[in-house]
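Reader: I should like a close account of one part of this model and of its surroundings. Please begin with a single residue and work outwards.
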Amino acid sequence: MRAVSIPAAEGDDVQQTVAVMGGHACARWIDHLPGQEQLAEGFTTTALSYIGAPITERVYRQ
């Protein structure tokens, strides 16, 4: 096993990550696709959450 480090996010990286992981990107697709006739009438969507392993807790949840 080897040690790996991940630098802290800088600039607008934090806001961009929250937008994607927080569902903003998904909501934009759902708002856009009906006008493109890409979703069936009465479609549903499901949001899943990635909990991850204890080793990645600081990356994904902190």
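Where is Val59 found?

Author: Val59 is found in helix 3 (helices, H or I with at least four residues, and strands, E with at least two, are DSSP runs numbered from the N terminus). The model is predicted: local features need pLDDT of at least 70 and side-chain atom pairs pLDDT 80 or more, whereas totals for chains, interfaces and linings use all residues. Residues are numbered from 1 along each chain as its sequence is written, and side-chain values use heavy atoms, without hydrogens or water.

With a relative accessible area of 47%, Val59 is partly exposed (buried is under 20%, exposed over 50%, partly exposed in between, with a 1.4 Å probe and protein chains only). Val59 belongs to a nonpolar surface patch together with Val4, Ile6, Val20, Met21, Tyr50 and Tyr60, whose accessible area together is about 780 Å² (Shrake-Rupley method, 1.4 Å probe). Such a patch joins nonpolar side chains within 5 Å, or like charges within 9 Å, from residues with over 30% relative accessible area and no salt bridge, that is, no Lys or Arg side-chain nitrogen within 4 Å of an Asp or Glu carboxyl oxygen. Helix 1 (13-21) and helix 3 (57-60) are the elements that give two or more residues to this patch.

Val59 also takes part in the largest pocket, which has a volume of about 620 Å³ (an open set of 1 Å grid points with protein on both sides within 12 Å along at least five of seven lines; lining residues have an atom within 4 Å of a point). The volume is the space filled by probe spheres set on the points. Of the 20 lining residues, Ile6, Pro7, Arg58, Val59 and Tyr60 are the closest to the centre of the largest pocket. Helix 1 and helix 3 each supply at least two residues of this lining, and helix 1 gives the most, with five. By class, the lining holds 13 nonpolar, three polar and four charged residues (Ala, Val, Leu, Ile, Met, Phe, Trp, Tyr, Cys and Pro are nonpolar, Asp, Glu, Lys and Arg charged, the others polar).

The second largest pocket contains about 240 Å³ of space. Its lining includes Val20, Met21, Tyr50 and Tyr60, each a member of the nonpolar patch. Helix 1 and helix 2 (24-32) each supply at least two residues of this second lining, which divides into eight nonpolar, two polar and one charged.

Note on methods: On a 1 Å grid over the protein atoms alone, a cavity is a set of points where a 1.4 Å probe fits but cannot get out, and a pocket is an open set with protein on both sides within 12 Å along at least five of seven lines; lining residues have an atom within 4 Å of a point.
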